[in-house]
Amino acid sequence: CLNMSKTGPRMNIYTKYQLENKLEELCESIEIFPVEIIPLYISNTDTNYYEYSNSKEEAKNICKKYLTHKNISEILICEKIEFRYKITLTIIGNPPYDINIISVYDSVNGTTKTVENKNNYSYLLNKAYELFNLFSLRDFGRFTFEINLSNNNAILVDIDAFNCFNQIVLD
């Protein structure tokens, strides 16, 4: 049985200023390992780049490396959740004239498949539509959930509302 997690992974966002002045102290305050360390860019560009750390010393070295990049404004340090499946639900259009696409990434075999029979995903699909309406999204919304292996809870890890269909491409 799949449930929505009431809480997500523990996380903190540190500005470059905080890290430059209190790096040792901040890394010493990390209580749980492993953690994901994710750079957040000034231009707010989407990045799938992140690194894992299993120790305070390793976390400190990764943060030091990110401090040298001029386009990184903040660093997110987040508890790493062990997951088997990452489920992405994409809504294109506006209800009731919309289509939805569900893709499932299996972390064990490294494959992604598009789901044809959506009955097994109705709970998450309903949650995605609730969020689509809650945030008053228009034309496009993508919601990514990870399924926590330890308790079978779904954790919302990403919302993408950038409507790629509004872009003008010039040759």
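What pattern does the protein follow when read along the sequence? In this predicted model, the order of elements is β-β-α-β-β-α-β-β-β-β-α-β-β. The protein holds three helices and ten strands. Of its 171 residues, 37% count as buried. Among contacts between residues at least 6 apart in sequence, 58% join residues at least 24 apart.

## Pocket and cavity

The second largest pocket has a volume of about 170 Å³. Its lining consists of Arg10, Met11, Asn12, Tyr14, Ser29, Ile30, Glu31, Ile32, Val35, Ile77, Cys78 and Glu79. By class, these residues divide into seven nonpolar, two polar and three charged. Strand E2 (11-15) and strand E5 (72-79) each supply at least two residues of this lining.

The protein also has one cavity of 30 Å³ or more, and the volume of this largest cavity is about 30 Å³. Tyr14, Thr15, Lys16, Leu19, Tyr66, Leu67, Ile72, Ser73, Glu74 and Ile75 line the largest cavity. Six of the lining residues are nonpolar, two are polar and two are charged. At least two residues each come from E2, H1, helix H2 (56-67) and E5. Strand E5 gives the most to the lining, with four residues.

Tyr14 thus appears in the lining of the second largest pocket and in that of the largest cavity. Strand E2 and strand E5 likewise each supply at least two residues to the pocket lining and at least two to the cavity lining.

## Two buried residues

Tyr66, one of the residues lining the largest cavity, is found in helix H2. Is Tyr66 buried or exposed? Its relative accessible area is 2%, so Tyr66 counts as buried, the cut-off being under 20%. Leaving aside neighbours within four places in sequence, Tyr66 is in contact with Lys16, Ile37, Pro39, Tyr49, Tyr50, Glu51, Ile72 and Ile75. Among these contacts, Ile37 lies 29 residues from Tyr66 along the chain, and the two C-alpha atoms are separated by 9.7 Å. Lys16, Ile72 and Ile75, which are also among the contacts of Tyr66, belong to the lining of the largest cavity as well.

Thr88 is found in strand E6. With 15% relative accessibility, Thr88 counts as buried because the value is under 20%. Outside four places in sequence, Thr88 is in contact with Ile101, Ile102, Ser103, Arg142, Phe143 and Thr144. Between Thr88 and Tyr105, which are 17 residues apart in sequence, the C-alpha to C-alpha distance is 8.2 Å.

## Backbone features in the loops

Most residues other than glycine have a negative phi, and most peptide bonds are trans. Against that background, four places in the backbone deserve a listing.

| Site | Backbone feature | Location |
|---|---|---|
| Phe33 to Pro34 | cis peptide bond, omega about 0° | loop between helix H1 (16-28) and strand E3 (35-41) |
| Pro95 to Pro96 | cis peptide bond, omega near 5° | Pro96 in the loop between strand E6 (83-94) and strand E7 (97-106) |
| Ser136 | positive phi, near 50° | loop between helix H3 (122-134) and strand E9 (140-148) |
| Asp139 | positive phi, about 75° | loop between H3 and E9 |

Pro34, which is joined to Phe33 by a cis bond, lies in the loop between helix H1 and strand E3. Pro96 follows a cis bond from Pro95, and its place is in the loop between strand E6 and strand E7.

Ser136 and Asp139 are placed in the loop between H3 and E9. How does the accessibility of each residue classify? Ser136 has 56% relative accessibility and counts as exposed, because that value is over 50%. Asp139, at 31% relative accessibility, counts as partly exposed.

## Ring interactions

Which residue lies over the face of Tyr52? Lys80 takes that position, at 4.8 Å from the ring centre. For pairs between aromatic rings, by contrast, the count comes to zero.

Technical notes
Residues are numbered from 1 along each chain as its sequence is written. This is a predicted model: local features need pLDDT of at least 70, side-chain atom pairs count only at pLDDT 80 or more; totals for chains, interfaces and linings use all residues. Side-chain values use heavy atoms; hydrogens and water are left out. Rings of Phe, Tyr and Trp (its six-membered ring) pair if their centres lie within 6.5 Å; planes under 30 degrees apart count as stacked, over 60 as edge-to-face and the rest as tilted. A charge sits over a ring if NZ of Lys or CZ of Arg is within 6 Å of the ring centre and within 35 degrees of the ring normal. On a 1 Å grid over the protein atoms alone, a cavity is a set of points where a 1.4 Å probe fits but cannot get out, and a pocket is an open set with protein on both sides within 12 Å along at least five of seven lines; lining residues have an atom within 4 Å of a point. Grid points are joined across faces, edges and corners, and a volume is the space filled by probe spheres set on the points. Ala, Val, Leu, Ile, Met, Phe, Trp, Tyr, Cys and Pro count as nonpolar, Asp, Glu, Lys and Arg as charged, and the others, Gly among them, as polar. Buried means under 20% relative accessible area, exposed over 50%, partly exposed in between (1.4 Å probe, protein chains only). Contact means heavy atoms within 4.5 Å.
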